Amino acid sequence: MRAIIAGSGLVGATTAIALHQVGIQSVLYDQVDLVQAALSSGGAPVAVDFGDSGGSVMLASSALRVLRTLGLLDEVLASSLPSTYTNWFKINGSAPIVMDTAKINKDCGETDPALQTPIQILRSKLHNILMQACHKAGIRTFTGKKLVSVNQTSTGVFVQFADGTSAEGDFLVGRMVFTQQLPTRRQIFGESSKAEFTGVIGHIGVVKTRLNNITLKETCAFYLEREKKQLVCTFKVSDELAAVQVMTFNDPLPVEGDEYRPYSDLPKESTRLADLLADWGVPKHVEAMMRKSFRISPAAIYDLPDLSAYHKGRVVLVGDSAHGMVPNAGLGLLTGLEDVGVLLELFRNFRNPQDLSKVLDLYSQLRVPRGQDAAGKSRDMAKQYYTGSSTIGHFLLRVGIFLFNHNLVKYGKVYDCPTDVAAAINGVQAK
Ligand SMILES: Cc1cc2nc3c(=O)[nH]c(=O)nc-3n(C[C@H](O)[C@H](O)[C@H](O)COP(=O)(O)OP(=O)(O)OC[C@H]3O[C@@H](n4cnc5c(N)ncnc54)[C@H](O)[C@@H]3O)c2cc1C
C-alpha cells in the first residue's frame, strides 16, 4: 500500500516511520516552504531540516513506549532531560506545589523504570531526530506542498496541492490544516470540524542558561496569577538550554504558516515580553530567560471540537488534526504518538489492502475516546489556570496534586497501544 502524508510535523513524520515498519510506503508533503535539496532532486530522500523553532515538549510513558517500538527511544532519551517533578508557583515564585510525576506514572501502571520519568525535549531537536529517521528509511519529503483538495474513489485517493501538483495513494494521512475552514476538511469531516482560536498566544523563547548565568532549579515550572490570566512556564531541556513560554491574551494572531517560526525582530519581542514579565512580578531568573532568549516563536492556541470519527473513507486524521487541544495539560503530542502506535499495531494485524476500512474503523473506535479524554483534561487544566480566585484556585490545585502524589486518586492508566489493539481485535472476533 502507498500512503500520502500531508503534514510533516512531529506526528506526521512519526507516522511515516511507523508505516515503513509494516512495509507501507509513504511520502511526506508539507506546506512549509523550505529551499532544500528534495525539491531540486525530484524528491530523492534527503534529511529535511525544519530549522530551529518552538520550545520544549514533555513526553510521558505512553509516548515513550511508541518511540521505543519505533527504535527511537535511546536517541530521544539521550537528547532530553528527565522531568521527575512538575512545579507550580504563584506568579512571584511563592507557594510551591510539587507533583511527583515519576511516582504518579508508576502508580498509573508503568512498570519499566526507564519509562516512568517523563522527559523534556526541544521540539526542534525531536523533529530533527524524526526527519533523520525518515531519511534513513528512504522516506521522501516534499516541502512547499500545501494540500488544497482531496478526491476519494473506491480504489484510492487523489490530492492536489496549491502549487498545482498532485499525488495519488491508497490512503491519506491528513494533517489537514485544522485552524482554517479548508473546504476539503468541511466536506469530509463536517461543518463543525474547525478549531476555534482561544484568544491565547504562546510566545516561546529558548535561552542558553549557562552562558547567561541563569540558574534554573526546576525542570518544569508554572507561574500563575489566575485573576489576571497571567501564565508563564519554564522548561529545562539540557544543562545548557531551557525554554520559557509566556501566554498572552491581547496579541494578534501569527500569520498562517508562521506558527513556531521565530519572530524576525528578536530584540523588540524579547524586550517587550521580558518587560511584561517584570510588570507581572515574576522571579528575576524567569524575566532574564525571556530577555536573553536567542529565539522566540509564537504559537496561536486553538481548541478543536471533539470529532466523532478520525477517518472518513480513505482519509485518516492523526495528531492535532484529529484532536488539536489547548496545551495546558501537555498531552497533545503524547496523544498524537499514541495515534501512531495504534495505527501501527492495526496495520501489523491487517496487512491486506482489502482490510484498510477495517483498520480505519478500529482506529477511530480506539482513538476517539482517548482523544476526547485528553482534550477534556486539557480544557479542565486551562479552566483551572484561567478562572476562579487566585487563593482558592491555588489551594484546589494543591489538594488535587496531593491526591495524585499519594495515589488517592489516579491520574489515569498507562496506555499501551498493542494491548488496546489486541483487546479491540478480540472484541470484534468474539462478535
Ligand atoms: C505552546 C505549546 C506547548 C506544547 N507542549 C506540549 C507538551 O509538553 N507535550 C505534548 O505532548 N504536547 C505539547 N504540545 C502539543 C504538540 O506540540 C502538538 O500536539 C504536536 O506538535 C502535534 O503534532 P502534529 O504533527 O499533529 O502537528 P504539527 O507539529 O503542528 O505539524 C503539522 C504540520 O502540518 C503542516 N501543514 C498544515 N497544514 C497543511 C496543509 N494544508 N498541507 C500540507 N502541510 C500542512 C504544517 O506545516 C506542519 O509542519 C504543545 C503545544 C503548544 C502550542
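**Strand pairing and the ligand shell**

Strand 5 and strand 14, the latter spanning residues 220-225, are paired in the parallel sense through four bridges; here two strands are taken to pair if DSSP finds at least two bridges between them, and helices (H or I, at least four residues) and strands (E, at least two) are DSSP runs numbered from the N terminus. Within this pairing, Asn-87 stands opposite Ala-221 of strand 14. The model is a predicted one, in which local features need pLDDT of at least 70 and side-chain atom pairs count only at pLDDT 80 or more, whereas totals for chains, interfaces and linings use all residues. Residues are numbered from 1 along each chain as its sequence is written, and side-chain values use heavy atoms, with hydrogens and water left out.

Strand 5 (residues 85-90) is also joined to strand 6 (residues 97-100), with the two running antiparallel and sharing four bridges, and in this pair Thr-86 has Met-99 of strand 6 as its bridge partner. The two strands form a hairpin with six residues between them, and Gly-93, which lies in the turn, has a positive phi of about 90°.

These strands belong to an open sheet of seven strands with mixed pairing, in which the order is 6-5-14-15-16-13-17. Strand 6 and strand 17 are placed at the edges and have a single partner strand each, so one side of each is left without a neighbour in the sheet. On average, and with direction ignored, neighbouring strands of this sheet are turned by 20° against each other, where axes are lines fitted to C-alpha atoms, for helices over the stretch in contact, and angles run from 0 to 180 degrees between N-to-C directions. Further along the order, six bridges connect strand 15 (residues 230-236) with strand 16 (residues 241-248) in the antiparallel sense, and Phe-235 has its bridge partner, Ala-243, in strand 16.

An open sheet of three strands, with the order 9-10-11, shows antiparallel pairing. Strand 9 (147-152) and strand 11 (166-169) are its edge strands, each pairing on one side only, and the twist from one strand to the next averages 20°. Between strand 9 and strand 10 (residues 157-161) there are five bridges in the antiparallel sense, with Gln-160 in strand 10 as the bridge partner of Ser-149.

The ligand is surrounded by 29 residues, of which Asp-30, Met-58, Arg-123, Asp-320 and Leu-333 are the closest; a residue is counted as near a molecule or strand if one of its heavy atoms lies within 4 Å of it. By class, this shell comprises 15 nonpolar, eight polar and six charged residues, where Ala, Val, Leu, Ile, Met, Phe, Trp, Tyr, Cys and Pro count as nonpolar, Asp, Glu, Lys and Arg as charged, and the others, Gly among them, as polar. A polar backbone atom of Met-58 lies 2.8 Å from an oxygen atom of the ligand, and a polar side-chain atom of Arg-123 is likewise 2.8 Å from an oxygen atom of the ligand. For Leu-333, a polar backbone atom is placed 2.8 Å from a ligand oxygen atom. Of the 1,000 Å² of accessible area that the ligand has on its own, the protein covers 91%, with accessible areas taken from the Shrake-Rupley method with a 1.4 Å probe and, for residues, only the protein chains shown counting as cover. Two or more residues of the shell are given by each of helix 1 (10-21), strand 3 (56-59), strand 17 (295-303) and helix 12 (332-349).

Terms used. Polar contact = N/O pair within 3.5 Å; in protein donor to acceptor, adjacent residues only side chain to side chain.
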